[in-house]
Amino acid sequence: PDGRICRVDPDSLELTERFKLPSEPEWIIWAEAVGTRPAGLVVVVESRKTVHHTSEVHDLASGKVYPLERGASACHLDRSEHLWLGRDSGEWGGGVVRIDLEKGAVMSIPPPPSADPKQQPYWSGIYGFIELRDGQIWAHGGTSHMGFNSGFIARIDEAAPRMLFTFDFPDKPRDPEHPERRQEPNSDRPWMPLTHLVEQDDHILVFSYDDVYRVDKAMKRWKRVATLDLEYKWGRPDAVGAYPSINLVYPPTRPGEPFLFSTMADG
């Protein structure tokens, strides 16, 4: 927690300090050499902890530091050595920043156009990124606040970002025959923010809190394939809701292997 990064001797387990950062690392990524920039670690640290905390990106290979206006909640280093950083601020929306590690250039990615021409475009919370085998970069996420839920998938590697899939459920719809009751949303379409995406052959597995869906890459044919029994830690500083329970998804590496998940509340 003091910001040190150490090398571990595999035989003696002795630690040798290599770097000292201003605060505890949030993300650590190894970036390959590109152009005149040598290979080395890229580390995201928290620079100021408030309700709207901020982060810094430390490129330890080049010695450059990139301050971010807001904190980073998601991070992805693509095959071109571009670092994508996403922000999830709950009901206050989100944002996407791209850092070109070779050129040292920082770009804020604007949100895709809104489907409603009367509404200003905005990013919902960014829960993560995925890089497809063909090089496409997608951002995904949404917002969950006081029972109001939305979700999206957007392609962000082109000249202008564009929405691939989006939904907005202000609340569960009422049953027309029993207005005092609420109907469950369509079971084969997500109704909570999209937390993780995994590419598999010609389709995508989409994780949406407890539910897992399979969808073709055109985002047309959805099917719920599993519901997970997860525990949650309720409460977050920027929304009346809960962070996703699943932290990481480990897809199988060989036929017959299962998916593995790390979670924040199930041990």
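Let's start with one residue: Y232 is buried, because its relative accessible area is 17%, and buried means under 20%, exposed over 50% and partly exposed in between (1.4 Å probe, protein chains only). Keep in mind that this is a predicted model, where local features need pLDDT of at least 70, side-chain atom pairs count only at pLDDT 80 or more, and totals for chains, interfaces and linings use all residues. Residues are numbered from 1 along each chain as its sequence is written, and side-chain values use heavy atoms, with hydrogens and water left out.

Now for the rings. A search of the whole structure turns up 9 aromatic pairs; rings of Phe, Tyr and Trp (its six-membered ring) pair if their centres lie within 6.5 Å, and planes under 30 degrees apart count as stacked, over 60 as edge-to-face and the rest as tilted. One of these is F165 with F167, a tilted pair at 5.9 Å centre to centre with 50° between the planes. Both F165 and F167 are buried. Y232 has a partner too: Y209 and Y232 are stacked, 5.8 Å centre to centre and 25° between the planes. Y209 sits in the loop between β18 (203–208) and β19 (211–216), and Y232 in the loop between β20 (222–227) and β21 (234–236), so this pair ties together parts that are 23 residues apart in sequence. Here strands (E, at least two residues) are DSSP runs, numbered from the N terminus. Y209 counts as buried because its relative accessibility is 7%. Ring pairs also link F165, F167, Y213 and W222 into a cluster.

Next, have a look at a sheet. It's an open one with 4 strands in the order β3-β4-β5-β6, paired antiparallel; two strands pair if DSSP finds at least two bridges between them. At the edges are β3 (25–31) and β6 (64–67), each pairing on one side only. From one strand to the next, the twist averages 20°, with axes as lines fitted to C-alpha atoms and angles running from 0 to 180 degrees between N-to-C directions. Strands β4 (residues 40–48) and β5 (residues 54–59) run antiparallel and are joined by 6 bridges. R48 stands opposite T54 in β5.

Finally, the surface. What about L13, buried or exposed? L13 counts as exposed, because its relative accessibility is 59%. You'll find L13 in the loop between β1 (4–8) and β2 (15–20).
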